[in-house]
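Colleague: I would like to go through this structure with you, step by step. Please keep the answers short and show me the reasoning.

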Amino acid sequence: MSTSKQLLTSVQVARFVAQGFLRLDGVVPQEINERAVAALTEGLPAVSYGTPLGGAFAQDTFVHELLALPVVAGAVESLVGPEPTVDHHAVHVREPHEGQAQPLHGDAIIDVRPDAFDIQLMYYPHEVTAEMGGTLSVPGSHLRRINETDVGRVQNLRGQTRLTCPAGTVVLVHHGIWHSGRRNDTAGRRYMYKLRLNPTVPQVRLWDVSDLHDPAVTAELNTHFPWYEWATARLEIYNRVLLWRALTGDDSFDVDYWVTRVSNRPTLRSHA
């Protein structure tokens, strides 16, 4: 297996900016998955806020091995840089036949950073079926800022996804995405390991930018989702463009001139 980090492409990062998440299905070897289930069952020690990721987990832990996988390491570096810090980590368990689900929510308070974001790594060490209460998420919701469970009264939105995946799947999500753990209707526990990471460098062109001008980049950023209202869908595109400009350092990028036209402010020029 290659030990070189596999950085994301521009198309993949654009998809993350549009959807608010990126799936890496079945990328973790089964040996790590089995060790992870055992460790999650026992519980994990706390990690202090702000701990550099490189020193947060001992080399003999499943978390260290998970993060060292080239596909995972490359994806993390592409989004939050080479030296992120740990915000927190947690073991999430949906108990057998528990009879309830989480309300739809965003993690933490309203976050108004226009040019930076945290990521949450969600790792599923075993297969997740439709009956196991896989994480529900709302694609494209991450830039519509809410305060924690402000949207908790909402039961379903068109286009929402309920995660089903093979063992060893990693999902990287923008900290603002709307999501919830669903009801587990099986006889077994459903585990998920979550790790939130904070960037320590400007998040500018951290990925493989060789395809930066691929037309597929603009196509990803122009994606519409079924739950969007007609008018506010344009605001979602606008906010994505602002984030993409920040991530690329290119203040001229636009989709259908949505940002260009509202930032056009001619100035008076003095005449000699």
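Colleague: Which residue just after α2 takes a positive phi?

Modeller: Keep in mind that this is a predicted model. Look just after helix α2, which covers residues 30-42. The residue there has a positive phi of about 100°, and it is G43.

Colleague: How far apart are the end C-alpha atoms of α2?

Modeller: Start from the expected span. Helix α2 has 13 residues, and at 1.5 Å a residue they should span 18 Å. The model agrees with that, since the end C-alpha atoms of α2 are apart by 19 Å.

Colleague: What arc do the buried residues of α2 cover around the axis?

Modeller: The buried residues in α2 are I32, N33, A36 and L40. They are on the same side of the helix, because around the axis they cover an arc of only 100°.

Colleague: Which residues are exposed on the other side of α2?

Modeller: An α-helix has 3.6 residues a turn, so residues three or four places apart point the same way. The buried residues of α2 pack against α3, β3, β4 and β9. On the other side, the exposed residues are E34 and E42.

Colleague: Now α4. How many of its 11 residues are buried?

Modeller: Buried means under 20% relative accessible area. Among the residues of α4 that pass are P70, V72 and L79. Helix α4 is largely enclosed by the rest of the structure, because the buried count is 10 of the 11.

Colleague: Which elements do the buried residues of α4 pack against?

Modeller: The helix covers residues 70-80. Its buried residues include A73, G74 and A75. Their packing partners are α1, β1, α3, β4, β7 and β9.

Colleague: Which residue follows α6 with a positive phi?

Modeller: First check the helix. The 19 residues of α6 should span 27 Å, and the end C-alpha atoms are 28 Å apart, which agrees. The buried residues of α6, including I237 and W244, pack against α1, α5 and α7. After the helix comes a residue with a phi near 75°, and that is G249.

Colleague: Which strands stand at the edges of the open sheet of 3 strands?

Modeller: Strands of a sheet pair through backbone hydrogen bonds, either parallel or antiparallel. Here the order is β6-β5-β8, with antiparallel pairing. An edge strand has a single partner, so one side of it is left without a neighbour in the sheet; the edge strands are β6 and β8.

Colleague: Which residue in β8 stands opposite L136?

Modeller: Strand β5 covers residues 136-137. It runs antiparallel to β8, and 2 bridges join them. Opposite L136 in β8 stands S180.

Colleague: How many residues apart in sequence are the parts that R196 and D87 tie together?

Modeller: Side chains of opposite charge can pair when their charged atoms come close. R196 and D87 meet in a salt bridge at 3.8 Å, N to O. R196 lies in strand β9 and D87 in strand β3, so the distance in sequence is 109 residues.

Colleague: R196 also meets D118. Is D118 buried or exposed?

Modeller: The side chains of R196 and D118 meet in a salt bridge at 2.8 Å, N to O. The pair links strand β9 with the loop between β3 and β4. The cut-off for burial is 20%. D118 has a relative accessible area of 4%, so it is buried.

Colleague: Which residues do the salt bridges join into one network?

Modeller: R196 pairs with D87 and with D118. D111 forms a salt bridge with R113, at 2.7 Å between the closest N and O atoms. Salt bridges that share partners make one network of D87, D111, R113, D118 and R196.

Colleague: Last, the rings. How many aromatic pairs are there, and what kind of pair do F62 and Y123 form?

Modeller: The count comes to 8 aromatic pairs. The ring centres of F62 and Y123 are 6.0 Å apart, with 35° between the planes. Planes under 30 degrees apart count as stacked and over 60 as edge-to-face, so this pair falls in the rest. The pair of F62 and Y123 is tilted.

Key: Residues numbered from 1 in each chain as written. Predicted model: local features only at pLDDT ≥ 70, side-chain atom pairs only at ≥ 80, totals over all residues. Heavy atoms only, no water. Buried < 20%, exposed > 50% of the residue type's maximum accessible area, 1.4 Å probe, protein only. Helix = DSSP H or I, 4+ residues; strand = E, 2+ residues; numbered from the N terminus. Contact = heavy atoms within 4.5 Å. Pairing = 2+ DSSP bridges. Expected span 1.5 Å × (residues − 1). Arc of directions from axis to C-beta. Salt bridge = Lys/Arg side-chain N within 4 Å of Asp/Glu carboxyl O. Phe/Tyr/Trp six-rings, centres within 6.5 Å; stacked < 30°, edge-to-face > 60°.
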